[in-house]
Amino acid sequence: MLGLLLQHGDEISHFAVPVPSFDRPSAQGCGKLLILRRRMETTKMRAISNFEQLQRLLAEPKKIVITMHQRPDADALGSSLALCLFLQKEGHQVTVIAPTPYADFLKWMPSNSDVLVYEDEAQHEASQKLVAEADLIYCLDFSCINRVGHKFAADIQKSDAKVVLIDHHIDPEDFADFVLWDHHASSTAELIYEYIVLSGGKDEVDVAIGECIYAGMMTDTGSFRFPSTSANVHRIIADLMEKGLDHSRIHRLVYDDNNETRLRLLGFALSERLEISYEYHTAFFKLSAEDLKRFDYRTGDTEGIVNYALSISGIVFAAFFSEKDGATKISFRSVGDFPANEFAGKYFNGGGHKNAAGGRTEEPVEEAVERFKSLLPAYKEQLDACVDALPDMA
Ligand SMILES: [Mn+2]
């Protein structure tokens, strides 16, 4: 683990409030960028060490690669493109490399056409060359290096480049030279905005950068409804709107770009593939490979369907099982204190956030679902307690 990565709530008493402190000495010879974000009522403190070291590296034009987790979502891609646009303005040579293809509804993002896809045969070699020759590699929106895929991870680790990790997932692995991490942040996009501001680049933020950041924050907060939507998120949005951001346009681009098969797949899932266990306050979907084929499934088509299960009155735990590439992928969602990430980690080789996690198993979807159902009784008390804690809707 990152020995010097301070977590939320760590006690540092002598920092000035509320200005970011840029002039602290490096933490005990540590090679990490150390950022502490702590909320004190409405005031947030940040302390940074070794930030100057990174800034010194960036004082000269550098060759930079930015990457993100596989099957990037709007936060991963938006964060990457926002950072790319900013670093390009600063005079660097920057390329965004996505490990895998991604959903069409993300392709409106500014500079999307310049993104390379590592898995794409035609772009694989160019991607590898850029990684090998990079001075700096930014890893965004993931905390375990293998989330880019084993081959890509090996390329990154072989490269002499300094690695910068900017992320909000729990338990970051110790693979980066510089780290900006806060698992209380709503999104990586929020951290990217802060990173730009801390780099003295607030004036460089334009509509294009703002659109990418907004898309990341919007999707990771469920359109600003999850508890992670802090006052800071809304302050950032205010800043972006003052720069000319058309927020309605981004909602339309992301949410109103359904194709017919995607909508019909949703309808089918809701009417035929949703199971509800009122006893355990749990609801889940299961889609077989055949189901997906029938509706001409394309990457991203099932995104967000799990949330319909969680929207049922009295349901506090939801899952979405789908059979892809010979394995079963699962999304978990919960409300309140039920730790979806611990559940995913313990039984389905996964992890994530407390209320939104993912997992994967080699079992066929039916077997995975049966095992899931057999696990619920052990959680009855916890699930009941979650329901008791729900706000009174009366
Ligand atoms: Mn994210």
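**Two sheets, two cores and a buried loop proline**

Pro99 lies in the loop that links strand 4 (93-98) to strand 5. In this predicted model, Pro99 counts as buried because 23 C-beta neighbours fall inside 10 Å, the threshold for burial being 20 or more. Leaving aside residues up to four places away in sequence, Pro99 is in contact with Thr67, Gln70, Tyr118, Glu119, Val148, Gly149 and Phe152. The C-alpha atom of Pro99 is also separated by 9.7 Å from that of Lys151, a residue 52 positions away along the chain.

The protein chain as a whole contains 14 helices and 14 strands, and buried residues account for 42% of its 394 residues. Among the contacts in the chain with a separation of 6 or more, 65% are made by residues 24 or more positions apart.

Strands 4 and 5, which flank the loop of Pro99, belong to an open sheet of six strands arranged in the order 5-4-3-6-7-8, with parallel pairing. The edges of this sheet are formed by strand 5 (116-117) and strand 8 (178-181), each of which pairs on one side only. Further in, strand 3 (residues 63-68) and strand 6 (residues 136-140) are paired in the parallel sense over five bridges, and Ile64 has Leu136 of strand 6 as its bridge partner. Strand 7 (residues 162-167) is joined to strand 8 by four bridges, again in the parallel sense, with Val164 bridged to Phe178 of strand 8. In a regular strand, side chains alternate between the two faces of the sheet. In strand 8, Phe178 and Leu180 point one way while Val179 and Trp181 point the other way, and all are buried.

In soluble globular proteins, nonpolar side chains tend to be buried together. The largest nonpolar core of the model comprises 67 residues, of which Ala82, Tyr138, Ile192 and Ile213 touch the most other members. The greatest contribution to this core comes from helix 2 (residues 74-89), which supplies 10 residues. When residues up to four places away in sequence are not counted, Tyr138 is found in contact with Ile64, Ile66, Leu83, Val164 and Ile166. A second core, separate from the largest one, consists of 33 residues and includes Leu265, Phe317, Ala319 and Phe348.

Another open sheet, also of six strands, follows the order 9-10-11-12-14-13 and has mixed pairing. Strand 9 (274-277) and strand 13 (351-352) occupy its edges; each has a single partner strand, so that one side of each remains without a neighbour in the sheet. Within this sheet, strand 11 (residues 317-324) and strand 12 (residues 327-334) run antiparallel and are joined by eight bridges. Ala319, one of the residues of the second core, stands opposite Phe332 in strand 12.

With regard to helix packing, the axes of helix 6 (residues 207-220) and helix 8 (residues 247-255) come within 10 Å of each other and cross at roughly 60°. At this angle helix 6 is therefore oblique to helix 8, and the crossing of the two helices is right-handed. Helix 6 contributes Glu211, Tyr214, Ala215, Met218 and Thr219 to the contact, whereas helix 8 contributes His247, Ile250 and Val254.

Definitions and conventions:
Residues numbered from 1 in each chain as written. Predicted model: local features only at pLDDT ≥ 70, side-chain atom pairs only at ≥ 80, totals over all residues. Core = buried A, V, L, I, M, F, W, Y, C linked by C-beta atoms within 7 Å. Buried ≥ 20, exposed ≤ 12 C-beta atoms within 10 Å, placed from the backbone. Contact = placed C-beta atoms within 7 Å. Pairing = 2+ DSSP bridges. Axes fitted to C-alpha atoms, helices over the stretch in contact; angles between N-to-C directions. Parallel < 35°, antiparallel > 145°, perpendicular 65-115°, else oblique. Left-handed = near helix turned anticlockwise from the far one by under 90°.
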